[in-house]
Amino acid sequence: MGKDEHSFASKPHAFSELPRKSDEDSRQVAIIKVPFGLAGARGGAELGPDELITAGLRREIARLGLTVQREVGVDCTSMPASSTVQFRGKHLLEVRQVSERACREVSNAVTAGAFPLVLGGDHSIAIGTLAGLSANYSKLGVIWFDAHADLNTEEHSLSGNMHGMGLAVAMGHSAFNFSQIPGAGSFIDPSRVVYIGLRDLDDYEKLQIRTLGIKSYTMHDIDRLGIEQVIKQALSIVGEGTDGIHISFDMDCLDPREAPGVGTPVPGGLNYREAHFALELLASTNQITSMELVEVNPLFDQNRHTARLGVELIASLLGKRIL
(Lines give C-alpha, C1' and ligand atoms only; values in the text may rest on other atoms or scores of the structure.)
Protein backbone atom coordinates (compact mmCIF):
# COMPACT_ATOMS: atom_id res chain seq x y z
CA MET A 1 0.00 0.00 0.00
CA GLY A 2 1.40 3.37 -0.97
CA LYS A 3 2.35 5.70 1.91
CA ASP A 4 3.26 9.34 2.19
CA GLU A 5 3.39 11.86 4.98
CA HIS A 6 -0.20 10.90 5.85
CA SER A 7 0.66 7.24 6.35
CA PHE A 8 -1.21 4.79 8.57
CA ALA A 9 1.57 5.21 11.12
CA SER A 10 0.13 8.61 12.01
CA LYS A 11 -3.47 7.41 12.08
CA PRO A 12 -5.54 5.00 14.19
CA HIS A 13 -4.61 1.45 13.26
CA ALA A 14 -6.93 -1.21 11.96
CA PHE A 15 -7.82 -3.57 14.77
CA SER A 16 -6.04 -6.69 13.64
CA GLU A 17 -2.76 -4.77 13.66
CA LEU A 18 -3.09 -4.24 17.41
CA PRO A 19 -2.47 -6.55 20.39
CA ARG A 20 -5.74 -8.29 21.24
CA LYS A 21 -5.36 -8.38 25.05
CA SER A 22 -2.04 -6.94 26.18
CA ASP A 23 -2.98 -3.39 25.24
CA GLU A 24 -6.76 -3.15 25.12
CA ASP A 25 -6.71 0.60 25.59
CA SER A 26 -5.30 0.93 22.07
CA ARG A 27 -8.20 -1.07 20.61
CA GLN A 28 -10.76 1.67 20.89
CA VAL A 29 -14.03 2.23 19.08
CA ALA A 30 -16.03 5.43 18.91
CA ILE A 31 -19.71 4.64 18.42
CA ILE A 32 -21.31 7.62 16.69
CA LYS A 33 -25.08 7.39 16.40
CA VAL A 34 -26.73 9.54 13.74
CA PRO A 35 -30.51 8.96 14.05
CA PHE A 36 -31.55 10.88 10.95
CA GLY A 37 -34.26 9.76 8.54
CA LEU A 38 -35.64 12.80 6.74
CA ALA A 39 -33.50 12.26 3.64
CA GLY A 40 -34.82 8.77 2.89
CA ALA A 41 -37.69 7.55 0.79
CA ARG A 42 -39.57 6.16 3.80
CA GLY A 43 -39.43 7.09 7.46
CA GLY A 44 -37.96 4.80 10.08
CA ALA A 45 -34.22 4.83 9.41
CA GLU A 46 -33.85 7.32 12.26
CA LEU A 47 -34.61 4.40 14.60
CA GLY A 48 -31.70 2.37 13.23
CA PRO A 49 -28.89 3.37 15.63
CA ASP A 50 -30.81 2.48 18.78
CA GLU A 51 -32.07 -0.71 17.15
CA LEU A 52 -28.47 -1.79 16.49
CA ILE A 53 -27.54 -1.08 20.10
CA THR A 54 -30.55 -3.05 21.34
CA ALA A 55 -29.62 -5.92 19.02
CA GLY A 56 -26.39 -6.41 20.96
CA LEU A 57 -23.74 -4.19 19.39
CA ARG A 58 -22.03 -3.27 22.67
CA ARG A 59 -21.88 -6.94 23.67
CA GLU A 60 -20.28 -7.95 20.37
CA ILE A 61 -17.68 -5.19 20.62
CA ALA A 62 -16.78 -6.29 24.16
CA ARG A 63 -16.45 -9.92 23.06
CA LEU A 64 -13.85 -8.83 20.52
CA GLY A 65 -11.73 -7.32 23.28
CA LEU A 66 -12.40 -3.80 22.11
CA THR A 67 -13.02 -0.76 24.26
CA VAL A 68 -15.76 1.76 23.49
CA GLN A 69 -13.82 4.97 23.96
CA ARG A 70 -16.93 7.05 23.50
CA GLU A 71 -20.53 6.65 22.49
CA VAL A 72 -22.14 9.82 21.24
CA GLY A 73 -25.44 10.66 19.64
CA VAL A 74 -25.54 13.36 17.01
CA ASP A 75 -28.45 15.70 17.55
CA CYS A 76 -30.89 15.12 14.69
CA THR A 77 -34.30 16.59 14.12
CA SER A 78 -37.16 14.29 13.16
CA MET A 79 -39.35 17.19 12.07
CA PRO A 80 -38.53 19.46 9.11
CA ALA A 81 -37.97 23.12 9.88
CA SER A 82 -40.58 24.11 7.35
CA SER A 83 -43.80 22.52 6.16
CA THR A 84 -42.83 23.57 2.65
CA VAL A 85 -40.67 20.89 1.05
CA GLN A 86 -38.79 21.78 -2.09
CA PHE A 87 -38.56 18.99 -4.63
CA ARG A 88 -34.87 19.34 -5.34
CA GLY A 89 -32.77 18.46 -2.34
CA LYS A 90 -35.55 17.80 0.15
CA HIS A 91 -34.79 18.85 3.73
CA LEU A 92 -31.46 20.36 2.71
CA LEU A 93 -31.29 22.52 5.83
CA GLU A 94 -31.67 19.52 8.11
CA VAL A 95 -29.19 17.44 6.10
CA ARG A 96 -26.66 20.26 6.31
CA GLN A 97 -27.08 20.62 10.07
CA VAL A 98 -26.68 16.89 10.68
CA SER A 99 -23.69 16.75 8.34
CA GLU A 100 -21.92 19.50 10.26
CA ARG A 101 -22.52 17.79 13.60
CA ALA A 102 -21.52 14.34 12.35
CA CYS A 103 -18.40 15.79 10.71
CA ARG A 104 -17.30 17.21 14.04
CA GLU A 105 -17.87 13.97 15.97
CA VAL A 106 -16.13 11.78 13.38
CA SER A 107 -13.14 14.11 13.16
CA ASN A 108 -12.88 14.20 16.96
CA ALA A 109 -12.93 10.40 17.11
CA VAL A 110 -10.08 10.10 14.62
CA THR A 111 -8.06 12.74 16.47
CA ALA A 112 -8.61 10.84 19.73
CA GLY A 113 -7.17 7.67 18.20
CA ALA A 114 -10.42 5.71 17.96
CA PHE A 115 -11.98 3.76 15.13
CA PRO A 116 -15.12 5.68 14.05
CA LEU A 117 -18.11 3.33 13.87
CA VAL A 118 -20.99 5.42 12.58
CA LEU A 119 -24.56 4.12 12.87
CA GLY A 120 -27.30 5.53 10.66
CA GLY A 121 -29.84 6.73 9.89
CA ASP A 122 -30.43 7.00 6.17
CA HIS A 123 -27.43 7.08 3.83
CA SER A 124 -27.29 10.86 3.72
CA ILE A 125 -25.43 10.65 7.02
CA ALA A 126 -22.41 9.53 4.98
CA ILE A 127 -21.94 13.18 4.02
CA GLY A 128 -20.98 14.06 7.57
CA THR A 129 -18.94 10.90 8.02
CA LEU A 130 -16.86 11.52 4.92
CA ALA A 131 -16.50 15.21 5.73
CA GLY A 132 -15.05 14.34 9.14
CA LEU A 133 -12.76 11.69 7.72
CA SER A 134 -11.53 13.99 4.95
CA ALA A 135 -10.35 16.42 7.61
CA ASN A 136 -7.90 13.75 8.79
CA TYR A 137 -7.18 11.69 5.68
CA SER A 138 -6.11 13.61 2.60
CA LYS A 139 -6.21 10.53 0.34
CA LEU A 140 -9.12 8.53 1.67
CA GLY A 141 -10.21 5.33 -0.06
CA VAL A 142 -13.89 4.40 0.10
CA ILE A 143 -15.64 1.07 -0.48
CA TRP A 144 -19.36 1.73 -0.91
CA PHE A 145 -21.60 -1.33 -0.41
CA ASP A 146 -24.99 -0.38 -1.83
CA ALA A 147 -27.71 -1.31 -4.28
CA HIS A 148 -27.65 2.35 -5.35
CA ALA A 149 -24.89 4.70 -6.49
CA ASP A 150 -25.98 7.78 -4.48
CA LEU A 151 -24.55 10.02 -7.20
CA ASN A 152 -27.62 12.11 -7.88
CA THR A 153 -27.57 15.88 -7.48
CA GLU A 154 -30.25 18.42 -6.66
CA GLU A 155 -30.57 19.07 -10.39
CA HIS A 156 -30.76 15.48 -11.58
CA SER A 157 -32.52 13.61 -8.77
CA LEU A 158 -35.86 12.15 -9.77
CA SER A 159 -37.14 12.19 -6.17
CA GLY A 160 -35.22 14.92 -4.35
CA ASN A 161 -34.36 12.45 -1.57
CA MET A 162 -30.88 13.32 -0.35
CA HIS A 163 -29.99 9.82 0.78
CA GLY A 164 -29.33 9.29 -2.92
CA MET A 165 -26.86 12.19 -3.16
CA GLY A 166 -24.20 11.37 -0.57
CA LEU A 167 -21.30 10.61 -2.88
CA ALA A 168 -22.14 13.47 -5.24
CA VAL A 169 -21.88 15.83 -2.27
CA ALA A 170 -18.64 14.24 -1.08
CA MET A 171 -17.08 14.50 -4.54
CA GLY A 172 -18.12 18.12 -4.97
CA HIS A 173 -20.56 17.54 -7.83
CA SER A 174 -23.68 18.97 -6.16
CA ALA A 175 -24.66 22.47 -5.15
CA PHE A 176 -24.38 21.44 -1.50
CA ASN A 177 -20.89 20.05 -0.85
CA PHE A 178 -17.98 19.91 1.59
CA SER A 179 -17.15 23.59 1.04
CA GLN A 180 -20.26 24.38 3.10
CA ILE A 181 -19.41 22.06 6.01
CA PRO A 182 -17.09 23.64 8.60
CA GLY A 183 -14.11 21.44 9.34
CA ALA A 184 -14.41 19.25 6.24
CA GLY A 185 -11.32 18.45 4.20
CA SER A 186 -10.89 17.94 0.49
CA PHE A 187 -13.42 16.28 -1.81
CA ILE A 188 -13.35 12.51 -2.17
CA ASP A 189 -11.44 11.47 -5.29
CA PRO A 190 -13.63 9.21 -7.50
CA SER A 191 -10.54 7.21 -8.50
CA ARG A 192 -10.32 6.06 -4.87
CA VAL A 193 -13.97 4.90 -4.64
CA VAL A 194 -15.24 1.40 -5.36
CA TYR A 195 -18.88 0.31 -5.50
CA ILE A 196 -19.96 -3.19 -4.49
CA GLY A 197 -23.48 -4.56 -4.97
CA LEU A 198 -24.97 -2.05 -7.45
CA ARG A 199 -28.21 -3.07 -9.16
CA ASP A 200 -30.58 -0.08 -9.20
CA LEU A 201 -29.18 2.98 -11.01
CA ASP A 202 -30.67 6.09 -12.58
CA ASP A 203 -29.53 6.99 -16.09
CA TYR A 204 -27.66 10.04 -14.77
CA GLU A 205 -25.80 7.88 -12.26
CA LYS A 206 -24.78 5.42 -14.96
CA LEU A 207 -23.38 8.31 -16.99
CA GLN A 208 -21.53 9.71 -13.98
CA ILE A 209 -19.95 6.37 -13.15
CA ARG A 210 -18.62 6.11 -16.70
CA THR A 211 -17.56 9.76 -16.90
CA LEU A 212 -15.79 9.78 -13.53
CA GLY A 213 -14.29 6.33 -14.03
CA ILE A 214 -15.54 4.95 -10.72
CA LYS A 215 -14.80 1.25 -10.38
CA SER A 216 -18.10 -0.54 -9.90
CA TYR A 217 -18.92 -4.16 -9.13
CA THR A 218 -22.57 -4.81 -9.88
CA MET A 219 -24.33 -7.96 -8.73
CA HIS A 220 -23.66 -9.32 -12.22
CA ASP A 221 -19.94 -8.83 -11.63
CA ILE A 222 -20.16 -10.51 -8.24
CA ASP A 223 -22.00 -13.47 -9.76
CA ARG A 224 -19.34 -13.72 -12.46
CA LEU A 225 -16.17 -13.15 -10.42
CA GLY A 226 -17.15 -14.24 -6.93
CA ILE A 227 -17.02 -12.00 -3.86
CA GLU A 228 -13.42 -12.92 -2.95
CA GLN A 229 -12.05 -11.72 -6.27
CA VAL A 230 -14.20 -8.59 -6.11
CA ILE A 231 -12.79 -7.67 -2.68
CA LYS A 232 -9.23 -8.33 -3.80
CA GLN A 233 -9.66 -6.09 -6.83
CA ALA A 234 -11.40 -3.40 -4.78
CA LEU A 235 -8.53 -3.35 -2.30
CA SER A 236 -6.01 -2.97 -5.08
CA ILE A 237 -7.76 0.31 -5.94
CA VAL A 238 -8.61 1.82 -2.54
CA GLY A 239 -5.36 0.60 -1.00
CA GLU A 240 -3.03 2.18 -3.56
CA GLY A 241 -1.63 5.50 -2.40
CA THR A 242 -4.38 6.08 0.16
CA ASP A 243 -3.89 6.98 3.82
CA GLY A 244 -7.12 5.44 5.12
CA ILE A 245 -9.93 3.14 3.96
CA HIS A 246 -13.54 3.75 4.89
CA ILE A 247 -16.33 1.18 4.54
CA SER A 248 -19.80 2.61 3.90
CA PHE A 249 -22.27 -0.26 4.25
CA ASP A 250 -25.88 0.29 3.22
CA MET A 251 -27.96 -2.67 4.37
CA ASP A 252 -29.90 -2.62 1.11
CA CYS A 253 -26.82 -4.04 -0.60
CA LEU A 254 -28.14 -7.31 0.82
CA ASP A 255 -30.97 -9.27 -0.71
CA PRO A 256 -34.28 -8.37 0.99
CA ARG A 257 -34.64 -12.01 2.04
CA GLU A 258 -31.55 -11.45 4.21
CA ALA A 259 -32.34 -7.87 5.29
CA PRO A 260 -36.04 -7.02 5.00
CA GLY A 261 -35.80 -4.01 7.31
CA VAL A 262 -34.47 -1.36 4.91
CA GLY A 263 -36.02 1.70 3.31
CA THR A 264 -35.39 0.89 -0.36
CA PRO A 265 -35.14 -2.89 -0.83
CA VAL A 266 -34.01 -4.21 -4.22
CA PRO A 267 -34.17 -7.94 -5.06
CA GLY A 268 -31.06 -9.83 -6.04
CA GLY A 269 -28.50 -8.53 -3.56
CA LEU A 270 -25.68 -10.07 -1.56
CA ASN A 271 -26.50 -13.15 0.46
CA TYR A 272 -25.56 -13.78 4.08
CA ARG A 273 -22.23 -15.48 3.51
CA GLU A 274 -21.15 -13.17 0.67
CA ALA A 275 -21.60 -10.17 2.94
CA HIS A 276 -19.80 -11.75 5.88
CA PHE A 277 -16.96 -13.09 3.75
CA ALA A 278 -16.47 -9.68 2.15
CA LEU A 279 -16.13 -7.97 5.53
CA GLU A 280 -13.97 -10.78 6.94
CA LEU A 281 -11.59 -10.35 4.01
CA LEU A 282 -11.47 -6.61 4.56
CA ALA A 283 -10.76 -7.08 8.27
CA SER A 284 -7.87 -9.42 7.49
CA THR A 285 -6.03 -6.72 5.52
CA ASN A 286 -5.27 -4.55 8.59
CA GLN A 287 -6.11 -1.48 6.50
CA ILE A 288 -9.68 -0.47 7.36
CA THR A 289 -9.79 2.71 9.43
CA SER A 290 -13.53 3.48 9.75
CA MET A 291 -16.99 2.10 9.02
CA GLU A 292 -20.57 3.24 8.85
CA LEU A 293 -23.64 1.03 8.65
CA VAL A 294 -26.87 2.64 7.51
CA GLU A 295 -30.49 2.18 6.47
CA VAL A 296 -31.61 -0.26 9.17
CA ASN A 297 -35.33 0.46 9.29
CA PRO A 298 -37.16 -1.29 12.16
CA LEU A 299 -40.57 -0.31 10.76
CA PHE A 300 -40.08 -2.81 7.94
CA ASP A 301 -38.03 -5.42 9.81
CA GLN A 302 -39.12 -8.84 11.02
CA ASN A 303 -38.29 -9.75 14.63
CA ARG A 304 -35.23 -7.44 14.61
CA HIS A 305 -33.66 -9.70 11.95
CA THR A 306 -31.99 -6.90 9.97
CA ALA A 307 -30.60 -5.18 13.05
CA ARG A 308 -29.10 -8.43 14.36
CA LEU A 309 -27.54 -9.07 10.98
CA GLY A 310 -26.13 -5.54 11.01
CA VAL A 311 -24.48 -6.22 14.36
CA GLU A 312 -23.01 -9.48 13.04
CA LEU A 313 -21.61 -7.73 9.99
CA ILE A 314 -20.03 -4.99 12.07
CA ALA A 315 -18.40 -7.69 14.19
CA SER A 316 -16.97 -9.34 11.07
CA LEU A 317 -15.46 -6.05 9.94
CA LEU A 318 -13.98 -5.48 13.41
CA GLY A 319 -12.21 -8.83 13.27
CA LYS A 320 -14.56 -11.54 14.54
CA ARG A 321 -13.40 -14.99 13.43
CA ILE A 322 -14.97 -18.43 13.54
CA LEU A 323 -11.80 -19.88 15.15
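Gln28, Ala30, Ile32 and Val34 point one way from strand β1, while Val29, Ile31 and Lys33 point the other way, and all are buried. Here buried means under 20% relative accessible area, exposed means over 50%, and partly exposed lies in between, with a 1.4 Å probe and protein chains only. In a regular strand, side chains alternate between the two faces of the sheet. Seven of the seven residues of β1 are buried, so the strand is largely enclosed by the rest of the structure.

The model is predicted: local features need pLDDT of at least 70, side-chain atom pairs count only at pLDDT 80 or more, and totals for chains, interfaces and linings use all residues. Residues are numbered from 1 along each chain as its sequence is written, and side-chain values use heavy atoms, with hydrogens and water left out.

**The chain as a whole**

The chain contains ten helices and eight strands. These elements are DSSP runs numbered from the N terminus, helices being H or I with at least four residues and strands E with at least two. Of the 323 residues in the chain, 58% are buried. The chain exposes about 12,500 Å², of which carbon and sulfur atoms supply 48%; accessible areas come from the Shrake-Rupley method with a 1.4 Å probe, and for residues only the protein chains shown count as cover. Among contacts in the chain with a separation of 6 or more, 77% are between residues 24 or more positions apart, a contact being heavy atoms within 4.5 Å.

**The sheet**

Eight strands form an open sheet with parallel pairing, in the order β2-β1-β3-β8-β7-β4-β5-β6. Two strands pair if DSSP finds at least two bridges between them. At the edges stand β2 (67-73) and β6 (215-218), each with a single partner strand, so one side of each has no neighbour in the sheet. Direction ignored, neighbouring strands are turned by 15° against each other on average.

Strand β1 (residues 28-34) is joined to β2 by six bridges, and the two run parallel. With β3, β1 also pairs in the parallel sense over six bridges. The table lists residues of β1 with their partners.

| Residue of β1 | Partner | Strand of partner |
|---|---|---|
| Ile32 | Val72 | β2 |
| Lys33 | Gly73 | β2 |
| Ala30 | Pro116 | β3 |

**Helices**

Helix α3 (residues 92-111) packs on the sheet and touches β1, β2 and β3 (115-120), its direction making about 175° with that of β1. Helix α8 also packs on the sheet, touching β4 (140-145), β5 (193-198), β6 and β7 (244-250), and its direction makes about 160° with that of β5. Axes are lines fitted to C-alpha atoms, for helices over the stretch in contact, and angles run from 0 to 180 degrees between N-to-C directions.

Helix α8 (residues 227-238) packs against helix α9 (residues 272-283) at an angle of about 35°, with axes 9 Å apart. Ile227, Glu228, Ile231 and Leu235 of α8 meet Glu274, Phe277, Ala278, Leu281 and Leu282 of α9 in this contact.

Lys206 lies in helix α6 (residues 203-212) and is partly exposed, with a relative accessible area of 36%. Lys206 and Ala149 are 57 residues apart in sequence and 8.5 Å apart in space, C-alpha to C-alpha.
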